[in-house]
Amino acid sequence: MSWNGGGALDGERVLIALGGNAMTAPDGSAAPDAQAAAIEAAMGPVADLVAAGARVALTHGNGPQVGNLLIKNRLAAGVVPPVPLDWCGAQTQATVGVMIMNALERALAGRDAARPVSTVVTRTLVDASDPGFAAPAKPIGRYFPEADARRAMARGEVWRHFGERGWRRVVASPEPLEILDADAAAVLLDAGHVVVAAGGGGVPVARVDGALRGVEAVVDKDLAAQLLARRLGASTLVIATDVEYAMAGFGTPAARPLRRTTPGELAELAAAGHFAGGSMGPKVEAVRRFVASGGRRAAIASLARLGDATRGEAGTIIEA
C-alpha cells in the first residue's frame, strides 16, 4: 500500500514531537478520560497537516503516564513485583500509541483524508557508561513527603528534596545514541502510514556483554525525536508545546521571543544560560542538532499553530 499525498505539503516528511500538554488535561490530570480528551484535541492539527499532504511521524512525552505506573508499583509492591523503568516506558508507548491511533484515525476520517496509523514500540540505544548513571538528575513521578522518600532510598532509589513541594525521585537521563527500531518506522512511513514511534524518548537499552538489556533510566523525548527525524529523512522537525515561542532571557525584563534563528545563535544563547535545563533547554538543543545535521527546518511552537510552524510561518523557526 502506498499514498502519494495531494496537498500543499505534498510528500514533505515532518516529524512532530508532542509535549506533555497534548497528553493530559490543562490542570495536568492524567486520568484516563482526561488523557483521551487531550489527545483527541491534539490530533486535530495533526490531521490538518496530514490532509495537506505531509507524510507525518509522531513522537510524544510520557511523564505523567510513567508517574502513574510508579504509583501503582509502590501501592501494589506487597502483591505483585514492581516493574523497572524500561518496562514502564514500553507500556506507556503502547497505551499512548493506541489512543493516538484511534483519535487520529477519527480526525482523518472527518477530513475525508483517511490514512492508516501505526505505532512502533521503540528502543533507544544508550551507553551503559554514560555519566548520567553515576549522577541521576532527571525528576520523575510525583512529589512525596520525606518519610516516603527515605523508605524508597532505603531500597536503593535516588531522591532529591525540592523545597516546599517535597521530595521526588531522580533517575539517569543518558544521551540517546540510536533509535534502534527506526527501520520499522521508515517502512511504514514509506507505505503511507502515519507513524507513532520513540514515545517518551524510546525504551532505553544498553549493550551489556554484547546483548541489549533495558536500563533504569529515561531518555529525553526531544533529543530522541531529532535522531528519529534524521533517520526517517524528515525535512522538518516541529516540537509542539504550550508556548508560542522559545524565549531569550526568559523571566527577566529583557525577555524576548525568538522568531527566526540559526543553530549558531541558539548555541551561543544556550551557553549564556538562556534556556532552563529541565524545560526549554532540551527542546532548543534538539532543534539545534537537527538543523546543524542537515535538516531543512525546525520549529518550537504551540500545537494550535502546527501547520504554520511546519511552513516556517509561526513559532521559533530554526534554519541554517
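1. Start with tryptophan 159: at 8% relative accessibility it counts as buried. Keep in mind that this is a predicted model. Its partner is phenylalanine 144, and the two rings form an edge-to-face aromatic pair, 5.8 Å centre to centre with 75° between the planes. Phenylalanine 144 also counts as buried, at 16% relative accessibility. The pair links distant parts of the chain, with phenylalanine 144 in strand 5 and tryptophan 159 in strand 6, 15 residues apart.

2. How many aromatic pairs does a search of the whole structure find? Two. In the pair not covered above, tyrosine 143 and phenylalanine 162 have ring centres 6.0 Å apart and planes at 85°, so this one is edge-to-face. Tyrosine 143 sits in strand 5 (residues 138–144), while phenylalanine 162 is in the loop between strand 6 (159–161) and strand 7 (167–171), so the pair ties together parts 19 residues apart in sequence.

3. Buried or exposed, or something in between, for tyrosine 143? Partly exposed, with a relative accessible area of 27%. Phenylalanine 162 is partly exposed too, with a relative accessible area of 27%.

4. Two arginines are worth a look here. Arginine 74 lies over the face of phenylalanine 144, 5.0 Å from the ring centre. Arginine 168 lies over the face of tyrosine 143, at 5.1 Å from the ring centre.

5. On to the cores. The largest nonpolar core has 43 residues, and those with the most contacts inside it are Leu15, Leu228, Leu232, Leu237 and Val287. Elements that each supply at least two residues of this core include strand 1 (13–18), helix 6 (221–231), strand 12 (236–241) and helix 8 (280–292). A second, separate core has 36 residues, among them Ala47, Leu49, Val96 and Ala299.

6. If you want one residue to click on, try leucine 228. Leaving aside its neighbours within four places in sequence, leucine 228 is in contact with Leu15, Ile179, Ala182, Ala197 and Ala198.

7. Helix 7 has a clear sidedness. Its buried residues are Pro263, Leu266 and Leu269. They cover an arc of only 125° around the axis, which puts them on the same side of helix 7. The general reason is that an α-helix has 3.6 residues a turn, so residues three or four places apart point the same way. Glu268 and Ala271, on the other side of helix 7, are exposed.

8. What do the buried residues of helix 7 pack against? Strand 13 (247–248), strand 14 (256–257), strand 15 (260–261), helix 8 and strand 17 (316–318). Just after helix 7, glycine 273 takes a positive phi of about 85°.

Methods. Residues are numbered from 1 along each chain as its sequence is written. This is a predicted model: local features need pLDDT of at least 70, side-chain atom pairs count only at pLDDT 80 or more; totals for chains, interfaces and linings use all residues. Side-chain values use heavy atoms; hydrogens and water are left out. A nonpolar core is a set of buried Ala, Val, Leu, Ile, Met, Phe, Trp, Tyr and Cys residues joined through side-chain atoms within 4.5 Å. Buried means under 20% relative accessible area, exposed over 50%, partly exposed in between (1.4 Å probe, protein chains only). Helices (H or I, at least four residues) and strands (E, at least two) are DSSP runs, numbered from the N terminus. Contact means heavy atoms within 4.5 Å. The arc is that of the directions from the helix axis to the C-beta atoms. Rings of Phe, Tyr and Trp (its six-membered ring) pair if their centres lie within 6.5 Å; planes under 30 degrees apart count as stacked, over 60 as edge-to-face and the rest as tilted. A charge sits over a ring if NZ of Lys or CZ of Arg is within 6 Å of the ring centre and within 35 degrees of the ring normal.
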